[in-house]
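Me: I'd like a close look at one small part of this protein, please, rather than a tour of everything. Keep it chatty, but give me the cut-offs.

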Amino acid sequence: MAEQAEQHQHEHDVEGTAPETPVKVMGEEPDLSKGTARPITVVGNPVLHREVKDVTAFDAELSALIDDMFQSMYAAEGVGLAANQIGVDLKVFVYDCPDDEGVRHIGHVINPVLEEYPADRRRVLDDGNEGCLSVPTAYAELARPDYAAVTGVDRDGQPVRVEGTGFFARCLQHETDHLYGTLYIDKLSKRDRKDALLQMAEGTPKYATVAND
């Protein structure tokens, strides 16, 4: 998921500035001495348009993939990244994403499943802008629930549950969608989807991408 959606740019674009109060962090920052950034696959690449495979092997290769995913996400200045966005056919996503309360959430989820919206929670839609590293330079308004929870496992196969509100809820939904073959532009009207693809065609990404054959 792209970082600089317009609605959140001024809230979360803190490059070159220091926050007035310490930012609360949920999760553990990755070891950036590990991993290598890989180029990002873009809309049209087949791996982005189908459900990818469940992870069944929890080994050093999986840990190395997660390290590469964090490096790739940071290199592209994103807040979330799914494995198929670097061409890997596995259900894994990583994130380093703020919520609307200024809490920074960091982590990964393997074989994620988006929970049903709680019946006892008032459903509120956030119609903010959304962007995607696999649709570079494009943004569009997309209404999503302002709360989301995802269950899955970590790199050791241990159960995890991650929940979030606001911008982080959008991130959790966006990344889980990726692993089931859905891009955010697939949820737009035909007109808005066409506009997003035109933005992409006219823009130049700031990070390495994989050209579609």
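Let's start with one ring: is F168 buried or exposed? And what sits around it?

Reply: First, a quick word on the model: it's a predicted one, so local features need pLDDT of at least 70 and side-chain atom pairs count only at pLDDT 80 or more, while totals for chains, interfaces and linings use all residues. Residues are numbered from 1 along each chain as its sequence is written, and side-chain values use heavy atoms, with hydrogens and water left out.

Now your ring. F168 is buried, at 0% relative accessibility (buried is under 20% relative accessible area, exposed over 50%, partly exposed in between, using a 1.4 Å probe and protein chains only). Its partner is Y95: the ring centres are 5.3 Å apart and the planes are at 50 degrees, so this pair counts as tilted. Rings of Phe, Tyr and Trp (its six-membered ring) pair if their centres lie within 6.5 Å; planes under 30 degrees apart are stacked, over 60 edge-to-face, and the rest tilted. The contact brings together distant parts of the chain, because Y95 belongs to strand β4 and F168 to helix α3 (residues 166–179), 73 residues apart. (Helices are DSSP runs of H or I with at least four residues, strands are E runs with at least two, and both are numbered from the N terminus.)

Y95 is buried too, with a relative accessible area of 6%. Y95 also pairs with F93: here the centres are 6.1 Å apart and the planes again at 50 degrees, another tilted pair. F93 is buried as well, at 0%. Put together, the ring pairs link F93, Y95 and F168 into a cluster, and the structure holds four aromatic pairs.

Follow β4 (92–98) to its end and you reach D99, in the loop that leads to β5 (104–114). D99 is buried yet has no salt bridge, and the nearest side chain of opposite charge, K24, is 8.1 Å away. A salt bridge would need a side-chain nitrogen of Lys or Arg within 4 Å of a carboxyl oxygen of Asp or Glu; Lys and Arg count as positive, Asp and Glu as negative, and His and the chain ends aren't counted. D99 does have other partners: its side chain reaches the backbone nitrogen of E101 at 2.8 Å, and a polar contact of 3.0 Å joins the side chains of D99 and H105. (That's a pair of N or O atoms within 3.5 Å; within protein, one must be able to donate a hydrogen and the other to accept it, and residues adjacent in sequence count only if both atoms are side-chain atoms.)

Further along, N111 lies in strand β5. N111 has a positive phi of about 50 degrees although it isn't a glycine, and at 18% relative accessibility it counts as buried.
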